[in-house]
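Trainee: I have a structure open and do not know where to begin. Can we go through how to read it, feature by feature?

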Amino acid sequence: MELKAGSRWRSAVCDTEVVVVRAPSGSPSLECGGAEMVPHDAEKPAGAQLDPAHSDGTQMGKRFADPDSGIEVLATKGGAGSLSLDGKALPLKDAKPLPSSD
Amino acid sequence: MDQVLAGVRVVEVATWTFVPAAGAVLADWGAEVIKVEHPVTGDPQRGLMTSGLMGGGGGIPNFMMEQPNRGKRSIGIDIRSEEGLKLLYKLVESADVFLTSFLPAARASMKIDVDDLRKVNPNIIYVRGSGNGQRGPESERGGYDGATYFARGGHALALTPGELEYPIGPRAAYGDLPGGMTIAGGIAAALFRRERHGVASVVDISLLSCAMWTLSPDVMASKIFDLPKLPTGGNREMNPNPLVGSYKTKDGRFLMLCMLESDRFWPDLCRQIGHPELIDDPRFKDHASRGENKTDCIRALDAAFAERTFDEWKEELADAEGVWSPYQLPIELHQDPQVLANGYLREVESDQGPCTVVANPVQFDETPPDLERAPQHGEHTETLLLELGYDWDDIIRLKDAGAIL
């Protein structure tokens, strides 16, 4: 799979959709719910199942980034599967505000 | 039909609740609001614990993000970087309103002050929400509503009963939210002026000024009557009209009577509470008599209201002529028939599931607004850049330069 910046992908096993906002080095496999994601305009393959080990869910609007490969993706649609790169969970990239309370 | 502010574009460089709440109101009214956040830290509100409560994970919506940020798009820009500032200017070129909570020195050092932005867009309406105002010795000092609106603005001491050792505290965003609404009103007037007369305004609202407006009868009367501390509201024994005040129900809840012109409402009230014999009681025959015999009158009403429960009274008094209200808990507003009938609560689909937000209080054309959730940190960075004409190579270059998220 060619994970170019701007390319859009959908989960093979759930509703998750992502856009790649920074391409990785090398050519890793981007998975969701344990199965390799498919191009946004492609049909979902029949019979693919959500892997319980990758089922923490993906939330719309969140970013995920892997500092090793440099990939960053943005979830444009949420789903039950969680994202991974070559089988390794893709870490959430979230805002880092200082802790505060009133 | 288009919403009232359809086609108006707002760029918001602001944090916490006060000024962002203005953006939320404008978004409710149909404006396109772009929230600019720091690419690493984001709006510090994202990390705020309020009254010991915090959402944003585990299926619990971050209510303090949703309420003042619903309906916006978020872009992560480091305005302090050269490329980031250029990008902000590009956004400003396309905007009608610039909305900020930053202090004067910060605006100047970041090159986002009035003159800086007017060079880029001479017609932009420049809006500053501050703690203490733009002039005076404390114009460079920040403000929060707890300190500036509630404490400095006189509310805390006006509301605290004398017997308490410490002043009472405000509720979350107690001054920020009416303040944000006020900013939105100012912006609407400025948009009209620009449309009608071609003049772009600088609009200023401070938490201090909002607090004083809300408390203006106390501010005025305390000076006129030379009273440092005005009587605390709700003191039943001080009140000359027993038809205004709180009464306890059989189950320990409270009702608020607010029948100012008491002669109009006394006979009906007596019948409503099942004590018509009070109508002709000479002690209570008119407003003045009830005032003279207020202790007796309050006792009689106390006894009557203690005969039924809160729910029974709500039914019993449904057709009362005078104004009264149940004292409701915030959670009870979710089932209040008037709230439901008027669409004052709206649901958005947040990242943590459904979240009920409160609509802004203005309704146009009898239509409650359809609202969208608050954006994630910098969620729309790439989308907005693409809309502005940047391509993916530019985006990657800006990311590498640290100018954007």
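Mentor: Start with one pair of residues. Glu17(A) stands opposite Lys77(A) in strand 7 of chain A. Keep in mind that this is a predicted model.

Trainee: Which strands does that pair belong to, and how do they run?

Mentor: Strand 2 of chain A is joined to strand 7 of chain A, residues 72-77, by 5 bridges. The two run antiparallel.

Trainee: Which other strand of chain A pairs with strand 7 of chain A over 3 bridges?

Mentor: Strand 6 of chain A, residues 63-65. That pairing is antiparallel too. Find Phe64(A): Val73(A) in strand 7 of chain A stands opposite.

Trainee: How many residues lie between strand 6 and strand 7 of chain A in their hairpin?

Mentor: There are 6 residues between them. Look at Gly70(A) in the turn: its phi is positive, about 85°.

Trainee: Now the whole of chain A. How many helices and strands does it have?

Mentor: Count 0 helices and 11 strands. Reading from the N terminus, the elements go β-β-β-β-β-β-β-β-β-β-β.

Trainee: How do I judge whether the chain is compact?

Mentor: Compare its radius of gyration with a rule for globules. For chain A the radius is 14 Å, and the globule rule gives 13 Å for 102 residues. These values are close, so chain A is as compact as a globular protein of that length. The C-alpha trace spans about 50 × 30 × 20 Å along its principal axes.

Trainee: What share of the residues of chain A counts as buried?

Mentor: Of the 102 residues, 39%. Look at sequence distance as well. Take the contacts in chain A between residues at least 6 apart in sequence: 59% of them join residues at least 24 apart.

Trainee: On to the place where the chains touch. How many residues does each chain give to the contact?

Mentor: Chain A gives 18 residues and chain B gives 22 residues. On the side of chain A, two elements give two or more residues each: strand 2 (17-22) and strand 11 (100-101). By residue type, that side holds 8 nonpolar, 5 polar and 5 charged.

Trainee: Which strands pair across the two chains?

Mentor: Strand 11 of chain A and strand 3 of chain B, residues 48-49. They run parallel, with 2 bridges. One bridge partner is easy to find: Ser100(A) is matched with Leu48(B) in strand 3 of chain B.

Trainee: Then chain B. How do I read a sheet?

Mentor: List the strands in the order in which they lie side by side. In chain B, 6 strands form an open sheet with the order 4-2-1-5-6-7, and the pairing is parallel. At the edges are strand 4 (73-76) and strand 7 (202-206) of chain B, each pairing on one side only. From one strand to the next, the twist averages 20°.

Trainee: Can you show me one pair inside that sheet?

Mentor: Take strand 1 (residues 9-13) and strand 2 (residues 32-37) of chain B. They pair in the parallel sense over 4 bridges. Arg9(B) stands opposite Glu32(B) in strand 2 of chain B.

Trainee: What about helices? How do I describe two that meet?

Mentor: Look at their axes. Those of helix 8 (residues 176-197) and helix 9 (residues 207-214) of chain B come within 10 Å and cross at roughly 100°. Helix 8 and helix 9 of chain B are therefore roughly perpendicular to each other.

Trainee: Which residues of helix 8 and helix 9 of chain B meet there?

Mentor: Pro178(B), Gly179(B) and Thr182(B) come from helix 8, and Leu207(B), Cys210(B) and Thr214(B) from helix 9. They divide into 3 nonpolar, 3 polar and no charged.

Trainee: Is there another hairpin to practise on?

Mentor: Find strand 11 (residues 345-350) of chain B. Strand 11 and strand 12 of chain B pair in the antiparallel sense over 6 bridges. The hairpin joins them through 2 residues. Ser350(B) has Gly353(B) as its bridge partner in strand 12 of chain B.

Trainee: One last residue. Where is Glu372(B)?

Mentor: In the loop between strand 12 (353-358) and helix 16 (381-387) of chain B. Glu372(B) has 15 C-beta neighbours inside 10 Å, so it counts as partly exposed.

Trainee: Which residues does Glu372(B) contact, leaving aside its neighbours within four places in sequence?

Mentor: Arg70(B), Gly71(B) and Val348(B). Glu372(B) and Val348(B) are 24 residues apart along the chain, and their C-alpha atoms are separated by 5.5 Å.

Technical notes
Residues numbered from 1 in each chain as written. Chains lettered and ligands numbered in written order. Predicted model: local features only at pLDDT ≥ 70, side-chain atom pairs only at ≥ 80, totals over all residues. Contact = placed C-beta atoms within 7 Å. Nonpolar A, V, L, I, M, F, W, Y, C, P; charged D, E, K, R; others polar. Pairing = 2+ DSSP bridges. Axes fitted to C-alpha atoms, helices over the stretch in contact; angles between N-to-C directions. Parallel < 35°, antiparallel > 145°, perpendicular 65-115°, else oblique. Rg over C-alpha atoms; globule rule 2.2 N^0.38 Å. Buried ≥ 20, exposed ≤ 12 C-beta atoms within 10 Å, placed from the backbone.
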